[in-house]
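User: I should like to understand the terms applied to this model. Please justify each one against its criterion.

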Amino acid sequence: MVTDGRVSEGDAMAIAIEASEAARGRTSPNPPVGAVVLDADGVVVGVGSTRPPGGAHAEIVALQRAGEKARGGTAVVTLEPCNHTGRTGPCSQALVEAGIARVVYAVSDPNPLARGGARTLEGAGVDVESGLGADAAEQGPLRAWLHKQRTGRPHITFKYAASLDGRSAAQDGTSQWITGPDARAHVHAQRAKLDAIIVGTGTVEADDPLLTARFPDGSNSPHQPVRVVVGERDIAASARIRNADAPTTFLRTRDPQVVIDALAEHTDVLLEGGPRLAGAFLAAGLVDRVVAYIAPVVLGAGSAAVENAGVGTISDAKRFSIESVAVLGSDVVVSAVPIREGAVREPDRLAEEK
């Protein structure tokens with residue numbers, strides 16, 4: 001809440017998370033961090049987000065914008081300030097040198113090469129608090145990066161559009177358009193923040209998709225994820241997915257683990273199907289989130305959104321927990337994450353900053 005130009009630390013964290021979200025798609029393999037600097041009176045004097053690899057981290061951008069007003073102030077950051085030197089210096093030390101008196105961050109850094117910033121700050125006499133806005137940061141812009149750090153593999157979101165009765169195409173194979181323009185614009189906005197999009201050769205053959213991130217006027221977004229075509233069919237030389245609008249990779253395999261291994265350098269990956277490829281990923285336990293766009297229509301027949309997911313009886317059902325439900329025009333978008341037994345393993349080796 002703004003009062004005489006001042007904001008609370010909670011509102012500053014909301015601004016930092018918004019800046020973090022705006023950086024998604026531009027920072028990989030580094031995390032899309034957001035930072036806000038408040039002066040000694042609690043007024044916002046600098047906002048920053050992580051620049052592309054080799055560029056400044058969020059804290060540095062915010063400090064540069066704040067200048068001398070940072071001295072005696074507070075830094076509010078979505079991720080624990082880093083404590084190591086890669087292409088850039090440690091943000092923890094930069095905060096100390098700028099005279100920051102207090103640092104509030106949402107999520108501790110799981111990377112052993114970078115963590116320890118909080119300890120360095122405290123050792124320099126800076127007041128440090130962690131955990132503010134942690135859920136929003138972890139389930140939002142830092143989700144995929146944190147998953148990659150903790151599991152050693154890309155984060156896979158399975159996205160599909162379907163009718164109320166779970167059909168992704170009509171009986172004659174037509175599927176454009178099940179959902180309305182608001183839902184489609186939302187999909188394109190999300191594509192522009194990804195590292196890669198996976199699609200099966202069957203879908204490419206049936207729909208001839210561009211699989212690019214586009215604005216409502218049809219123009220291309222500045223950032224385009226890699227298009228990854230999976231399957232053993234040959235794709236026609238005239239297929240639109242071969243155009244120069246985005247890079248394209250062809251993987252002659254049906255094995256989801258082979259696909260995951262081939263995308264090891266990526267962090268945030270979208271699986272767009274079709275139904276057999278989606279089923280294979282679900283059966284292999286390699287789907288980390290499902291985003292379903294549901295249209296208020298009934299088709300009665302046609303392709304299901306998922307086939308052969310390894311479920312033979314109700315006790316084998318893949319169960320999910322609903323994260324969010326939102327209305328987009330006449331459609332509904334549901335985000336859900338798997339309910340899994342046991343803890344997520346820690347990776348044996350974590351990638352160094354690039």
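Analyst: The following exchange concerns a predicted model and treats burial, strand pairing and salt bridges in turn.

User: Why is R153 called buried?

Analyst: The relative accessible area of R153 is 15%. Buried means under 20%, so R153 is buried.

User: What makes R153 and D288 a salt bridge?

Analyst: The side chains of R153 and D288 meet at 2.7 Å, N to O. The criterion is a distance within 4 Å, and therefore the pair qualifies as a salt bridge. R153 lies in the loop between helix 6 and strand 6, and D288 in the loop between helix 10 and strand 11, 135 residues apart. D288 has a relative accessible area of 6% and is therefore buried.

User: Why is D234 called exposed?

Analyst: D234 has a relative accessible area of 59%. Exposed means over 50%, so D234 is exposed. D234 forms a salt bridge with R252, with the closest N and O atoms 2.0 Å apart. R252, at 55% relative accessibility, also counts as exposed.

User: Why does R276 count as partly exposed?

Analyst: R276 has 49% relative accessibility. Partly exposed lies between the limits of 20% and 50%, so R276 counts as partly exposed.

User: How do you know that strand 11 and strand 13 pair?

Analyst: Strand 11 and strand 13 share five bridges in the antiparallel sense. Pairing requires at least two bridges, so the two strands pair. Within this pairing, I294 stands opposite V332 in strand 13.

User: What makes strand 11 mostly covered?

Analyst: Six of the six residues of strand 11 are buried. R289, V291 and Y293 lie on one side, with V290, A292 and I294 on the other.

Terms used:
Residues are numbered from 1 along each chain as its sequence is written. This is a predicted model: local features need pLDDT of at least 70, side-chain atom pairs count only at pLDDT 80 or more; totals for chains, interfaces and linings use all residues. Side-chain values use heavy atoms; hydrogens and water are left out. Buried means under 20% relative accessible area, exposed over 50%, partly exposed in between (1.4 Å probe, protein chains only). Helices (H or I, at least four residues) and strands (E, at least two) are DSSP runs, numbered from the N terminus.
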